Each structure stands twice: as C-alpha cells, then as structure tokens.
Amino acid sequence: VEVEQFLYHEARLLDTGQLEAWLDLFTADAVYWVPLERDQRDAAETSSIIHDDRTLLELRVKQARHPRAHARLPLARTVHQIGNVMLLGEENGELRVGSTLQLVEWRNERQRLWGALVEHRLRRADGAFKIARKRVDLVNSEGELDGIAILF
Amino acid sequence: MGAFDRERLAMLVQPDRVHRSVYADPEIFELEMERIFGRAWLVVGHESQLGGRGDFFTTRLGREAVIVVRQDDRSIAVLVNRCAHRGATVCAEGRGNAQRFVCPYHGWTYDTAGGLRAVPIESGYRREALSQLGLKRIPRVATYRGFIFASAAPAGPGLEEFLGPTLASFDDFVDRAPGGELEVAGGVFKHAYRGNWKLMLENHLDGVHPAHVHASSVAVARGAPEPGAPGAEHYYDIAVRQMRQNGAPESLWESIGVWATPRGHGWLGDYHTDTRLVAGLGNPAFDEYRRRLAARVGDAEADRILAVTRWNTIVYPSCSFMSQFRQLRIIHPIAVDRSVVHTYSFRMKDAPPPMFRDTVAFANVVNGTGSWVLTDDLEVYERVQRGFGSGAVEWAYIGRGHGADVDEPDGTRRGGTGTSEVFIRAQFRAWLDYMTREG
C-alpha cells in the first residue's frame, strides 16, 4: 500500500504540473530511462528515447519552464493511470516495483495514448521513498513516433 | 500532367520566394513522388545491414515499401514489397535472412532476385502469363563507399555524377573510421511530424534557426554544470556541449560557410570542430582513436582527414548526414503534410569503444524522439505547415543572402555568408528541374 501510494503520488505530481517536486523524488544518482528497443539491456551502446542522469533530468524540467520552449508551450496535459503494481524483489536495500502505465496526453488539439511497462527502484531515505531508477518501456518505443515532450 | 503544367510549376518557384502550394497541395505531392522520388538516387541503407546472400532488410524507397536483399552474386537488389498477384505485402519482417519470400495470401513464392518460383495449383495459370510476373525490381541500385542507393528511373545520371561534390562528404564520413569500416549500430530512431518532407531539408543547413528554435535547450545547457576535464568526463557532457553550441554567436554562424549544388545537395561548414567536442579535448579515447587512424593512413593523412570540417550534408531529396558523430537521417514522405524520418547511427569498427558511446549520447540528445533539441524542430515544422496550409498569405520568402551567392569553380554555389538561404534556393532550382523535365 505504501508503495502504491508513492507511485500514485509521483503520477499526481506530473499530472498537476509539479515538475520540480517530481524531480525531488529522485536520488542524486538516479537514472531515468525510456529505452528505444524492446528488452534493451544497455543504454551506452544503444540509443534511448530518454536516458538521463539526474543532471539531464533537471535540464528537462528546466526546459519545460523556459518561456521559449516551443514544443512545451503550453505543456501537454496528462493523466497517468497506474496499474498492476507488484513487488518484484529487493536488491541492495532497494525495492524493485513493477507497474503498468496508461497515459493520456493532450496538446494542440490532439490526444495521444501511451502504454508502458514500468519498473521503479525505490530507496528508503529519511522515512520516505526516493526513486533511484525508473525504467519505462513504451509498447510502441520502436514505432514511428511524433516528438515526445512529456515525462512518463 | 493536369493542372500543374510546366508554366504553372515555374510560376511557383521564383528567385527569392516560393508559393505555399509546394508544401501544401496534395496534387503537387503526388507529382513529386513520381518526378522527384521516382527519379533521383535515394539512400536506402548501408552495406553493413546486409551480410551474406539472402540477408535482407525492409524499408521505404520514397514512400514505397521495399525489400533490400543481398543476391547470390553478392550484388544488392531492391524489390518492391508487393505481391504480383493480389498486392499484399510479402515480407513483414524488418530484417532477416531468406532464400524465398512467400506471400501470406496464396503462397506465391519469390526468390531473392524477385523471380516468381512457385504458385499454388499451377495448372490454373497459363505458363507464359506467369513468366511475366515477379516482385518488381527497382531498376538501378548502386553503392558508394558502403552506402546503398536506388533509383526508380531506368536511366539517368550515374550515382557518382548525381552525388557530385557531396562525394567528399561521404569520403569524410568513411575516412574518419580507422580502416574505413563503418557499421549501422545502436538502434534506429524513427520520428514523425505533421509537415512536408522539404521542411526538414530546409532546416538542416539553416544557421539562423538554432538560436531561436533551440533557445530553451541552449539556455538550460548554459545553466548546467560544466563538462569534465579530459579523462574525467560526465555522462551529460555531450548533451551540454552540443546544446550550448547551438547558441554560438551569430558571427560564428556567419563565418562557417554553406554550399549548394545544382541538384539540390548542400552542406554546412563546421560550427562544431573536433576541438569543441568532448572527444576532441585531449581525451584519452580520442587520442587513441587518432593513433589508430594514423597507424592506418599515416600522420599527415590523419591530420588531413580530421581537418575536414563539414557539418550536415544534404543529399536531395532523401537524406541528411554528418560525419563527426556519424548520424544519417533518411526522410520518408508519407503525405503532403506528413513525414517520417529514420535516423541511423554508425560505429567505426576499429575505433575505441568510447567513441561509439559518444555517438549514442549525441543521437539521444539531438536526434532522439524525446530530445530537447529535435522536439522543438518538429514543433516548428508543424507550425510552418499550418501556415502554408492557409490561403490567407500565398508566398514563402527564401531571400536571405539572395544576390550575394558566389559561384565556385567546381560548380557549387556558396552563400555570401554561412547563414544564407542559398541551399533552399538550390533545392527549389533542383525541384523545378525534376518537376518540369520530360522523360
């Protein structure tokens, strides 16, 4: 229940535009990863739709706030629907949590629907969870996609 | 040719402006598919995507689905991926190895040269009728230094004549690899936008747009932590450096040079020399790479190769590529207002592994579907398309630098400055030539 509530909280921050608070959920050594290929094992030798360390993730949030971020003005409105939350295991003090994501995005009179398998690695710090790693495998990651200017 | 006869087409393209219908009229788009994409040499891929006989990959030639397949004699054939019988797509896989392509509908079976080898209940057909049928073979296929091209026109200029001065850009691409061997690697980005195919080609040599289109990524990169010293780089360095470089001062863009050819090709001088790259700043991997290159070709030749400074090169109408980070983009026109771009990364086989990791990081930052940079380009293409879709204003202006272009002895035309729209004007001269040429 605590894990589920945390994932819902994370989603709500994104859906209500609280991107800075969302960023604060990540550890300093966090990795946020949206692979390009199905079952992709590595982000160094194969491209990724997004593969950010904490520094780059912060740039992404800052870009969303920039007054000339054309693809992000206005920011898309989103609803993250999280389901099938499962504890997959525990490694090195981190919880591996699997979930599914359905996301509705609306911007420029166009609505898009995304589906993804998600894996979080959650680390407990000061009584709360932090995200050490988040991997989002979009079902259509290998497809021909219009630009992506949202956070999953 | 209906409403768009030669005179009407010629009116659409004027020295410093073009009519919006070239971007927005579906009838013109159909004509482009026949007269431009149906004639020019189009890039379809790279030899590293095909190993031995029977190896194949599927892609589009212009907007037509094709199979690119290695023949028994090691030559390459490009076959239209459409059954001669009922028109079904014969091969649904992205890549693989096959001796036969079998249509899912009635089992019509083709060999790798497109020849029809079997049909069900053969007695139902006249033999001589069947002998005429097969997978349609694209008449001309040629390679240049590993890059595979095809032309749907049975006759026309040969590949090297077609490429002309952009041969040197391909040479640069390949020469930089120690041993000269490149391979497609690292995944293919496939992005789409609601805009005309020409908009991408008109953007890639445009030195004015980065400061404006990419203002937000330039700004956040300027506020980012500093990239690391040689040997102590961070993962984020490539991203930060590249995004910052898009904010280079106007004086730099003005000075770098832009060239165009009568066939619509062009290239931009380098605004991002090796000394500005992560890998170029005395970094150990780059030093090792240079050593390996020099071991193959000698010091002087290595210096010459690394001193070539071409940034993006455009091969009209299908492709844009750059050698420093080994990126190649192929544009597939889908409709007058819809385009798909496939971006390939290349690995230099004998270079130190970190060089390819830089390529992957660069691809993510600049060409990725979720990139800070590309997403703003796509947004702007779509806004341009909306503007050209409106009849409220008829003309688009392409006059930057017009009147200051310089004709070079090798037949290329150089912009008076690096921010000239000379390359757009050249693309439209080529466009008009394709569109109005008979036969």
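# Aromatic pairs, backbone features and overall form of a predicted model

In chain B, ring pairs join B:Tyr144, B:Phe147, B:Phe149, B:Phe170, B:Phe173, B:Phe321 and B:Phe346 into a cluster. The structure described here is a predicted model. Over all chains, it holds 25 aromatic pairs. One of them is formed by B:Phe147 and B:Phe170, two members of the cluster just named. The arrangement of these two rings is tilted, with 5.1 Å centre to centre and 55° between the planes. B:Phe147 belongs to strand β12 (residues 147–151) of chain B and B:Phe170 to helix α6 (residues 167–175) of chain B, so the pair ties together parts that are 23 residues apart in sequence. Both B:Phe147 and B:Phe170 are buried.

A further tilted pair is made by B:Tyr193 and B:Tyr381, whose rings are 4.8 Å apart centre to centre, with 55° between the planes. Here B:Tyr193 comes from strand β13 (residues 182–193) of chain B and B:Tyr381 from helix α15 (residues 374–388) of chain B, so the pair ties together parts that are 188 residues apart in sequence. Both tyrosines, B:Tyr193 and B:Tyr381, are buried.

## Two residues of chain B in their surroundings

B:Tyr193 merits a fuller description. Its relative accessibility is 0%, and B:Tyr193 therefore counts as buried, a class that ends at 20%. When neighbours within four places in sequence are left aside, B:Tyr193 is in contact with a residue of chain A, A:Asp146. The contacts of B:Tyr193 within chain B include B:Leu199, B:Met200, B:Ile331, B:Asp337, B:Arg338, B:Ser339 and B:Val341. Among them are also B:Leu378, B:Tyr381 and B:Glu382; B:Tyr381 is the partner of B:Tyr193 in the tilted pair. By C-alpha positions, B:Tyr193 and B:Gly134 are 35 Å apart in space, with their places 59 residues apart in sequence.

B:Thr143 is found in strand β11 (residues 140–144) of chain B. The relative accessibility of B:Thr143 is 35%, so this residue counts as partly exposed, the class between 20% and 50%. Apart from neighbours within four places in sequence, the contacts of B:Thr143 are B:Glu47, B:Ile76, B:Ile148 and B:Leu159. B:Thr143 and B:His46 are 97 residues apart in sequence, yet their C-alpha atoms are 8.5 Å apart in space.

## Backbone features in loops

Several loops carry particular backbone geometry. In chain A, the peptide bond from A:Leu73 to A:Pro74 is cis, with omega near -5°. In chain B, the bond from B:Tyr316 to B:Pro317 is likewise cis, with omega near 5°. Positive phi values are found for A:Asn108 and for B:Arg74, each a residue other than glycine. The table gives the value and the loop for each case.

| Residue | Backbone value | Loop |
|---|---|---|
| A:Pro74 | omega near -5° (cis bond from A:Leu73) | between α3 (54–65) and β3 (77–91) of chain A |
| B:Pro317 | omega near 5° (cis bond from B:Tyr316) | between β16 (310–315) and β17 (319–322) of chain B |
| A:Asn108 | phi near 55° | between β4 (94–107) and β5 (110–125) of chain A |
| B:Arg74 | phi near 75° | between β5 (64–70) and β6 (76–80) of chain B |

A:Asn108 has a relative accessible area of 31% and is partly exposed. B:Arg74, with a relative accessible area of 48%, is partly exposed as well.

## Chain B as a whole

Chain B contains 16 helices and 22 strands. Its radius of gyration is 23 Å, close to the 22 Å that the globule rule gives for 439 residues, so chain B is as compact as a globular protein of that length. The C-alpha trace of chain B spans about 75 × 55 × 40 Å along its principal axes.

Of the 439 residues in chain B, 56% are buried. Among the contacts in chain B with a separation of 6 or more, 64% are between residues 24 or more positions apart. The accessible surface of chain B is about 16,800 Å², and carbon and sulfur atoms account for 51% of this surface. Chain B has 51 positive and 53 negative charges, and the mean positions of the two groups are 4 Å apart.

How values were computed. Residues numbered from 1 in each chain as written. Chains lettered and ligands numbered in written order. Predicted model: local features only at pLDDT ≥ 70, side-chain atom pairs only at ≥ 80, totals over all residues. Heavy atoms only, no water. Helix = DSSP H or I, 4+ residues; strand = E, 2+ residues; numbered from the N terminus. Rg over C-alpha atoms; globule rule 2.2 N^0.38 Å. Buried < 20%, exposed > 50% of the residue type's maximum accessible area, 1.4 Å probe, protein only. Contact = heavy atoms within 4.5 Å. Areas by Shrake-Rupley, 256 points an atom, 1.4 Å probe, with all protein chains shown as cover. Lys, Arg positive; Asp, Glu negative; His and termini not counted. Charge placed at Lys NZ, Arg CZ, Asp CG, Glu CD. Phe/Tyr/Trp six-rings, centres within 6.5 Å; stacked < 30°, edge-to-face > 60°.
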